Amino acid sequence: MSPHPPVPVFQPYLGEEVKKAAVDALDDGWLGMGPLTAQFEQEIGAYLGAGDRPVVVTNSGTAALHCATALAGAGPGDEVICPSFQYAAGHQAISATGADVVFCDIEERTYGADPESVRALISPRTKAIMVVHYAGIICDLDAIYDVAHEHGVRVIEDAAHAFGSRHRGRPIGSFGDLTCFSFGPVKVITSLEGGAVVGHSPDDTQPLHELRFIGIDSDTRTRYERGRNWEYDVVRQGFRYHLSSIPAAIGLSQLAMVDGFISSRQRSCRLYSELLADVREVTVPETDWADVSPFIFFIRVPSDRRADLVAHLKAQGISSGVHWVGAHQLTYYKGCRRSELPVTERVASEVLTLPLHSHMADGLVERVAGAVSGFFAG
Ligand SMILES: *Cc1c(COP(=O)(O)O)cnc(C)c1O
């Protein structure tokens, strides 16, 4: 047994202000979607500088991805290209629409979709490209949008890792096509469960509202008012994906602290990178973290040493994780059309996620990094 307390991979910040926000919202007595939901959307939009792009919050990041993929028009007979190296939520969002998932490879520098691999997979059936900003590091977005524009297909950014990350100085979600965030339990900011879609233009507002709330078409004011509108129409297949008041209140309290969360996480990532720089077997991410809102800190290690390293850390009370295994190897997605995936296969066998928390003590980062370097020195 380790003499030190255990170190989880993730540790949500749940200070007094967060608890107070939840209790205040409970005391208010209105549990459903209401003014706090609308306020959460406005404040996300203001934080991102989304301008007239609609921000539509949902009850999970997966729901946000599902709404965005449906809005992009994907359905049975269509294809959506995305990396195999992505969380299952993205693949499930695509297959939930009835469209086929097509797997592209990733590139070594950003761990995001390789634009050339995407280009080679485009077919007459392609409806959209879904990309991920792994760990908060922005994928080769300009090249991805070039491919999308050349072929007239939509882009869905799975930015579940990248709330607060910037591309050429602009926040993710303030430009581009459809951007999805997650505010799940372990994300940089959380609303317990939650997510958001940022649409491309005001034209996306109405369809996103319908998709989020069981296909119901009603005006925005009514939607957030305390009371039900008995005159409504159902205009499409939608889902019960709306975000209610208590999660919205928690999300608002977290959003107010996000800059501190991000800068503390950048500081921990830089410290990790510095402490692990001289360990020959360890590769740290190739970024200075300046424009990155880091969701995870990951390293790459020789694949034949990874399981032993995990056990070594565990014996010292340190948890680690693997994000992710290639989805083309998973039962449900085995048969999907795909390109060769050499980088995906190499990266998926080498990545290891180390603990990263908001306001993580330097001593804790030092303890984890010391355990990693101790393993390779031993
Ligand atoms: C967390 C996550 C999601 C899904 O978000 P939920 O809120 O858990 O539904 C999607 N994509 C990625 C990359 C994620 O990390």
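A135 is found in the loop between β4 (126-132) and α6 (141-151). In this predicted model, A135 has a positive phi of about 65° although it is not a glycine. The relative accessibility of A135 is 0%, so A135 counts as buried, the limit being under 20%.

W289 also departs from the usual sign for a residue that is not a glycine: its phi is positive, about 70°. W289 sits in the loop between α10 (258-276) and β12 (297-300). With 1% relative accessibility, W289 counts as buried. A positive phi, near 35°, is found at I214 as well, which follows α7.

**Helix α7 and its salt bridge**

Helix α7 covers residues 205-212, and 6 of its 8 residues are buried, so the helix is largely enclosed by the rest of the structure. The buried residues are P207, L208, H209, E210, L211 and R212. For R212 the relative accessibility is 0%.

Which residue meets the side chain of R212 in a salt bridge? The partner is E41, at 2.8 Å from N to O. This pair links distant parts of the chain, with R212 in helix α7 and E41 in helix α2 (residues 35-48), 171 residues apart. E41 is buried too, with a relative accessible area of 8%.

**Other salt bridges**

The structure holds 18 salt bridges. Three of them are listed here with their N to O distances.

| Pair | N to O distance | Relative accessible area |
|---|---|---|
| R212 and E41 | 2.8 Å | R212 0%, E41 8% |
| E108 and R346 | 2.3 Å | E108 31%, R346 36% |
| R154 and D204 | 3.5 Å | R154 22%, D204 8% |

The side chains of E108 and R346 meet at 2.3 Å. They link distant parts of the chain: E108 lies in the loop between β3 (100-104) and α5 (115-121), R346 lies in helix α12, and 238 residues separate them. E108, at 31% relative accessibility, counts as partly exposed, and R346, at 36%, counts as partly exposed too.

R154 and D204 form a salt bridge at 3.5 Å. R154 belongs to strand β5 (residues 154-158), while D204 is in the loop between β9 (195-198) and α7, 50 residues away along the chain. Is each residue buried or partly exposed? R154 is partly exposed, with a relative accessible area of 22%, whereas D204 is buried, with 8%. Elsewhere, salt bridges that share partners join E79, D100, R125 and R337 into one network.

**The loop between α11 and α12**

W324 is found in the loop between α11 and α12. A cis peptide bond joins H323 and W324, with omega about 5°. V325 lies in that loop, between α11 (303-315) and α12 (342-350). With a relative accessibility of 45%, V325 counts as partly exposed. V325 also belongs to a nonpolar patch on the surface, formed with V322 and L330. Together the three residues of the patch have about 200 Å² of accessible area.

**The segment before α1**

P8 lies in the segment before α1 (16-28). Its relative accessibility is 27%, and P8 therefore counts as partly exposed. Which residue, 311 places from P8 along the chain, has its C-alpha atom 5.2 Å from that of P8? It is S319.

**Cavities**

Rolling a probe the size of a water molecule over the atoms shows where empty space is left. How many cavities of 30 Å³ or more does a search of the whole structure find? The search finds 2.

The largest cavity holds about 80 Å³ of space. Its lining has 13 residues, and Q11, P12, Y13, K187 and R265 lie nearest the centre. By type, the lining divides into 7 nonpolar, 4 polar and 2 charged residues.

The second largest cavity has a volume of about 30 Å³. A159, A160, H161, A162, F163, S182, K187, V188 and I189 line it. These residues divide into 6 nonpolar, 2 polar and 1 charged. K187 is named for the largest cavity and also appears in the lining of the second largest.

Key
Residues numbered from 1 in each chain as written. Heavy atoms only, no water. 1 Å grid on protein atoms, 1.4 Å probe; cavity = no way out; pocket = protein on both sides within 12 Å on 5 of 7 lines; lining within 4 Å. Points joined across faces, edges and corners; volume = space filled by probe spheres on them. Nonpolar A, V, L, I, M, F, W, Y, C, P; charged D, E, K, R; others polar. Patch = residues over 30% accessible without salt bridge, like charges linked within 9 Å, V, L, I, M, F, W, Y side chains within 5 Å. Areas by Shrake-Rupley, 256 points an atom, 1.4 Å probe, with all protein chains shown as cover. Salt bridge = Lys/Arg side-chain N within 4 Å of Asp/Glu carboxyl O. Helix = DSSP H or I, 4+ residues; strand = E, 2+ residues; numbered from the N terminus. Buried < 20%, exposed > 50% of the residue type's maximum accessible area, 1.4 Å probe, protein only.
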